[in-house]
Structures are given as C-alpha cells and as structure tokens.
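Thanks for coming. I have one model to show today, and I will start from a single residue and work outwards. Please have a look at it first.

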Amino acid sequence: MPGSGGILEAIEVKKRGGELPRDVIEEVVLGYTSGEIPDYQMSALLMAILLRGMSYGETLAMTRAMAYSGKHYSFPGCADKHSTGGVGDKVSLTALPVAAACGLPVAKLSGRGLGTTGGTVDKLESIPGFSCALTEDRFRRQVEEVGIAIGEAGEVAPADRAIYALRDATATVDSLPLIASSIVSKKVATGAEFLLYDVKCGSGAFMKSVEDARELAGMLVRLSGRFGISASAIITGMDEPLGSAVGNALEVREAVRFLKGEEVREDLSETAETVASRLLSLAGREEPGRDVERAISSGAAYETFLRLVAAQGGDPSALDTLPVSGEVEAVRAPRDGYVARLDAHLVGEAALLLGAGRQRKGDDVDPGVGVEVLVRVGDGVDSGREVALLYHRGGRGLEEARRRLVRSIGISDEPPRPLPAILEGP
C-alpha cells in the first residue's frame, strides 16, 4: 500500500493535470479503504480529480479497483437496470417484473434512499412483511425459481462506499468520472449480464443538462462493456416527478396499478415499458415491444410481482391495503391557467419533510407519507382545484412541505409544451 509519499505524489501528479498509472490508482483506492490513507489526503486527491478530470484509462482503473474491493457476484443471463436517481422513480418496481414476466431473469441488488432520491429497498419494504435481506443462496434460488429477486446490496464495492461518503462530505460529488466509476463499480460487483442505465436529467436529477446526461450515459455504457456487461442507456426527464406518487407505499400503490394494466400517468407507463423493452432487446428478443405489451395485458407482469412479494416474505393481499397514511391535506391552484412548472426537486423536498425519506443514513423512514401530484405540466387548472395531496403523520413537516409544494408549481396564462418522458435513447 502507498505510504504518505505515494499519496502525496498522486496528488501532485493530478493537481498538475497528469495521468495516474493503474497501479497507483489501485493502491490509493485499497489504501484508503483499509484506513492507511487518511481522509484529508484522499480529500485533496478527490478535489484535484474534480478540478482536473480523469482520462478514460484512469476512470476504468478506478472502476476496477472499487468493483473488486469486496464481495463479487455473477449472474450470467440475468438483467438489471440502474437509475441515476430521481423523484418518484418507481421504474424498478414496474419495468423489472415486466421483463421477468417475459422470461428474462432479473437479479437486482439495490439500495436505500437518501435525500430526495427514493430507494427501491425502502419502497418494497413498505409492503408488510417484505424483506430485501436475502442470503446469497436464497437470492440465487429465487432468481431460478421465481425469475426475479431484489435484494439489498450490502457489502458490494466497499471502496466505493467509503469514497462516496468522503465525496459527499467534501463537495466532490459532481465529477463525471467519479460518478461513472462509482455507479459501474457497483454494477460490476452485482454481476448481471444485461444492464439498462436510466440517466435522469432535470431539476430533480443530478444531471441538469442533456449534454451532461449524454456524456455520463456514454461513459457508463463504455465502462460496462469493458467488464463484459451488455449495456445500453436512455436519458429520461426529471424536471417534474415521474408518475403521480412520491413516497414509499404511495409509489408501490402506483406501481401495482401499472402492473395491473390500469391507467397511470403516461410518463410512467412510457418509461417503464421502454426500460423493459430495452432490456429484452439487449437479451436478443426480436419483438420486445410486443412481449412487454402482452405481459401487462395478460396479467403476467402483475402475477410475477405477486410471486416476488410472496417469495420475499411479503403479504400479497396487503397490496390492496398498503399502509398509506389517512391524514391528507390538499394543495390547490392559486388561480386559473395552465401548469407551466412542477419542480421535481421541490416536490421531493416536500416528501422528505413529511418523513418519506432520510436526511442522513440511519434515519427512520415513514412508509405511509409522501406527496401525490394530481396534475402535470401542460394541464389546464381552475382556481381552487386540487393539484397535489400531502400524506402526513400528525402534521410532521406539513406546513413547510406545503410551502415547498406551492413553490414547485408555476401557473401560466398560455399552455406550455408538455415535457417528454424519454429525452434520448441509446
């Protein structure tokens, strides 16, 4: 492992814009993970990387070092999808059961939410009895027997976990090479063969511009290919929340409606069906769109979700009576007009204030609270019409959440152009 001289040399090289050799990157990553390199020195290197960037070769070396720093899985023939994070993003709950119902096995190791970005594990565990704490043996057997398993990522890529925590504390998160290596290292460690990246773009996403989202998408696909993953990416909008629901049980309820073939917002159905179709395409299916439509209309997608719930300890009958709070307050349109803005980030902050997410790791999450948005950009509204519902618990965070919701909604006199769900394909 590098001593203080090694890390200092790495900092010197990078702050002058030089390129770090693969072995130096590997030694620094493992040295920091083992505790031999202190936070202050790693922070200096991360800031130098943020300011000077990394070459593709350096990014690949960083990805490899983090991916193989801990437990590594392999699920040949299986599919997964990864979202870069958004508000109301329930695509894993919708697209993956559809793909599994089409005969494509799904092996997904996922995480919990932090901030305005919800976590798939938290959403699923709002179903009474459902657990994402699966042993490796049980996870593998479930993939084989049910066709889909969604577990908590646990100890994969511990180097990434340590480095990301430091990036979060030192304002060095917003580096494209560091973002890409962080994402891909976890996907390599979790081992699926077919992978669809859903790169979010907009006010409620980390990538604010299509150009940045496009660059990240290309980097994710290129890096994944070097590790034998058949990957593709789409860029989806996150200027307004995805679907109507923001909050754990609320999002499961909306996902169930989609899987049953009931009407949901078009942005959700289009995104979920596109993700499922792209995964099937990666696996070589000739008519993926037809297969996806048939899985939903026949009820096979919902039956697959029911089997997933039962296999992981959940009560399928509870899907009709999810623990959504009965304390509901409405937010109303201040005047006649058209919805011109529905700021996803502010909606996410409102849900967070109500208790639907966590400010810090370890915070408790209330599965039954959140926000239901009743309009979308382009809709006409009359003064006093309900535009959102706040599901709260005893008034916790209610007034500030209401203020965020009011700020999130802009009303104009002229109808704006509705926002597209899919901004760019692969």
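Start with Leu 319. Leaving out residues up to four places away in sequence, Leu 319 touches Ile 127, Val 252, Val 256, Tyr 302, Phe 305, Leu 306 and Val 309. I should say at once that this is a predicted model.

Where in the fold does Leu 319 sit? Leu 319 is in the loop between helix H14, residues 300–311, and strand E7, residues 327–332. Is Leu 319 buried or exposed? The relative accessible area of Leu 319 is 5%, and the cut-off for buried is under 20%, so Leu 319 is buried. There is also a backbone pair to mention: Leu 319 and Arg 253 are 66 residues apart along the chain, and their C-alpha atoms are separated by 7.2 Å.

Now the wider setting. The largest nonpolar core has 77 residues. Which of its members touch the most others? They are Val 98, Ile 127, Phe 305, Leu 319 and Val 371. Helix H5, residues 91–101, gives this core its largest share, 7 residues. Apart from this core lies another, of 24 residues, which includes Leu 60, Tyr 197, Cys 201 and Met 219. As general background, nonpolar side chains in soluble globular proteins tend to be buried together.

Helix H5 deserves its own slide. How many of its 11 residues are buried? The count is 10, and H5 is mostly covered. Among the buried residues of H5 are Val 91, Leu 93, Leu 96 and Val 98, along with Ser 92, Thr 94 and Pro 97. Just after H5 comes Gly 103, with a positive phi of about 90°.

Two other helices, briefly. Ser 277 is in helix H12, residues 266–282. Its relative accessibility is 15%, so Ser 277 counts as buried. Setting aside neighbours within four places in sequence, Ser 277 is in contact with Pro 288, Gly 289 and Val 292.

Thr 33 belongs to helix H2, which covers residues 22–33. With 32% relative accessibility, and partly exposed running between 20% and 50%, Thr 33 counts as partly exposed. What does Thr 33 touch, not counting residues up to four places away in sequence? The answer is Pro 158 and Ala 159. Thr 33 and Ala 159 are 126 residues apart in sequence, yet their C-alpha atoms are 5.3 Å apart in space.

Now the chain as a whole. The protein chain has 16 helices and 13 strands. Its radius of gyration is 22 Å, close to the 22 Å that the globule rule gives for 426 residues, so the chain is as compact as a globular protein of that length. Along its principal axes, the C-alpha trace spans about 65 × 45 × 40 Å.

Of the 426 residues, 56% are buried. Taking contacts between residues at least 6 apart in sequence, 80% join residues at least 24 apart.

Last, the surface and the charges. The accessible surface of the protein chain comes to about 16,900 Å², and carbon and sulfur atoms account for 48% of that. The protein chain has 48 positive and 61 negative side chains. How far apart are the centres of the two sets? They lie 2 Å apart.

To return to the starting point: Leu 319 is a loop residue, buried, and one of the members of the largest nonpolar core that touch the most others.

Note on methods:
Residues are numbered from 1 along each chain as its sequence is written. This is a predicted model: local features need pLDDT of at least 70, side-chain atom pairs count only at pLDDT 80 or more; totals for chains, interfaces and linings use all residues. Side-chain values use heavy atoms; hydrogens and water are left out. A nonpolar core is a set of buried Ala, Val, Leu, Ile, Met, Phe, Trp, Tyr and Cys residues joined through side-chain atoms within 4.5 Å. Buried means under 20% relative accessible area, exposed over 50%, partly exposed in between (1.4 Å probe, protein chains only). Helices (H or I, at least four residues) and strands (E, at least two) are DSSP runs, numbered from the N terminus. Contact means heavy atoms within 4.5 Å. The radius of gyration is taken over C-alpha atoms; the globule rule is 2.2 Å times the number of residues to the power 0.38. Accessible areas come from the Shrake-Rupley method with a 1.4 Å probe; for residues, only the protein chains shown count as cover. Lys and Arg count as positive and Asp and Glu as negative; His and the chain ends are not counted. The place of a charge is taken as NZ of Lys, CZ of Arg, CG of Asp or CD of Glu.
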